[in-house]
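Student: I would like a close look at one part of this structure, the pairing of its strands. Could you take me through it step by step, and then show me what lies around it?

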Amino acid sequence: MTEGVFRRLGIADLTRLVVLEQARPRPWTRSQLEKILTDETVCVLGVEVEGQLAGHAVAARLPFETELQAMLVAPAMRRRGLATSLLTVVIDQALRWESERLLLEVRASNSGAIALYRKAGFDEDGRRRGYYPGLETSASASAPAAEPRAGGGVAKLTGAGPGVASSAGAGREDALLMSRRLL
Ligand SMILES: CC(C)(COP(=O)(O)OP(=O)(O)OC[C@H]1O[C@@H](n2cnc3c(N)ncnc32)[C@H](O)[C@@H]1OP(=O)(O)O)[C@@H](O)C(=O)NCCC(=O)NCCS
């Protein structure tokens, strides 16, 4: 398990966050990152290892819940427990906000992240069918469900449980909805 320094990121971290985001197939743009870093309802938590930004998690405060909108660990720093530790810090923040639950949505094919969330005590609540653009076409896609997703909003459940066919539209992919009760 790698030791990291965890802290809330601010606008001074923008450039380092832009660089870290390049590790994702659909990185947030600089202006999207600037927006979340200055949004009072959003907390961007970062972890530094030996002075380098190694990961971040984006938590948005909703009226009764907190939504984990994104989580990313630099490829060279994965499988060292950093995301697990980031989740603990997110939960601490959500408890400070007195949120009843921590929500998230994740690509149904993202088995690594789903394993992480299950291990951290998240349960599966349902799916949003065809929510994400296909990764192979996503670079040019401009669907509102771009991943990761700024702007918050609780995912609407379809009522379909795990095991449903994993795509509703051509090239699109389901979102798996997960949550963990906090209070
Ligand atoms: C998903 C992600 C955040 C995990 O970060 P991480 O720091 O490597 O996760 P951890 O080391 O805390 O993993 C904890 C546990 O989660 C599970 N896990 C994590 N990544 C996994 C993978 N790729 N495959 C299978 N299980 C995985 C394992 O059970 C792991 O425990 P173990 O290493 O003892 O087996 C990282 O792979 C990442 O940034 N991926 C790209 C972005 C992404 O998918 N974000 C999530 C959706 S927005």
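**Following the sheet from strand to strand**

Tutor: Let's begin with one pair of residues: F6 has V47 in β2 as its bridge partner. Before we move on, please keep in mind that this is a predicted model, where local features need pLDDT of at least 70 and side-chain atom pairs count only at pLDDT 80 or more, while totals for chains, interfaces and linings use all residues. Residue numbers start from 1 along each chain, as its sequence is written.

Two terms will help. Strands (E, at least two residues) and helices (H or I, at least four) are DSSP runs, numbered from the N terminus. Two strands pair if DSSP finds at least two bridges between them. The protein has seven strands and four helices, and along the sequence they follow the pattern β-α-α-β-β-β-α-β-α-β-β.

Now back to our first pair. Strand β1 (residues 5-8) is joined to strand β2 (residues 42-49) by four bridges, and the two run antiparallel. V47 also leads us onward, since its bridge partner in β3 is G55. Between β2 and strand β3 (residues 52-61) there are eight bridges, again in the antiparallel sense.

β2 and β3 form a hairpin with two residues between them. What is notable about the phi of E50? E50 has a positive phi of about 50° although it is not a glycine. Most residues other than glycine have a negative phi. E50 lies in the loop between β2 and β3. E50 counts as exposed because 9 other C-beta atoms lie within 10 Å. The cut-offs, with C-beta atoms placed from the backbone, are these: 12 or fewer other C-beta atoms within 10 Å of a residue's own means exposed, 20 or more means buried, and anything in between means partly exposed.

From β3 we step to β4, and these two pair in the antiparallel sense over seven bridges. Here V58 has A70 in β4 as its bridge partner.

Further on, strand β5 (residues 101-107) and β7 share seven bridges and pair in the antiparallel sense. R101 stands opposite R181 in β7. On the way into this part, E98 in the loop between α3 and β5 has a positive phi of about 60° although it is not a glycine. With 11 other C-beta atoms within 10 Å, E98 is exposed.

β7 also pairs with strand β6 (residues 123-132), antiparallel, through six bridges. E124 has M178 in β7 as its bridge partner. Is β7 enclosed or open? Seven of the nine residues of strand β7 (residues 173-181) are buried, so β7 is largely enclosed by the rest of the structure. Across the protein, buried residues make up 32% of the 183 residues. In β6 you can find R129, which is partly exposed, with 18 other C-beta atoms within 10 Å.

Now put the strands together. They make an open sheet of seven strands in the order β1-β2-β3-β4-β5-β7-β6, with mixed pairing. β1 and β6 are at the edges with a single partner strand each, so one side of each has no neighbour in the sheet. On average, neighbouring strands of this sheet are turned by 25° against each other, direction ignored; such angles lie between axes, which are lines fitted to C-alpha atoms (for helices over the stretch in contact), and run from 0 to 180 degrees between N-to-C directions.

Finally, let's see what else is here. Helix α1 (residues 14-21) and helix α2 (residues 30-37) pack at about 125°, with axes 10 Å apart. That makes α1 oblique to α2; angles under 35 degrees count as roughly parallel, over 145 as roughly antiparallel, 65 to 115 as roughly perpendicular, and the rest as oblique.

There is also a ligand, surrounded by 20 residues, the closest being R78, A83, T84, G112 and L116. A residue is near a molecule if its C-beta atom, placed from the backbone, lies within 6 Å of it. The elements giving two or more residues to this shell are β4 (65-73), α3 (82-96) and α4 (111-119), so strand β4 of our sheet is among them. The largest share, five residues, comes from α4.
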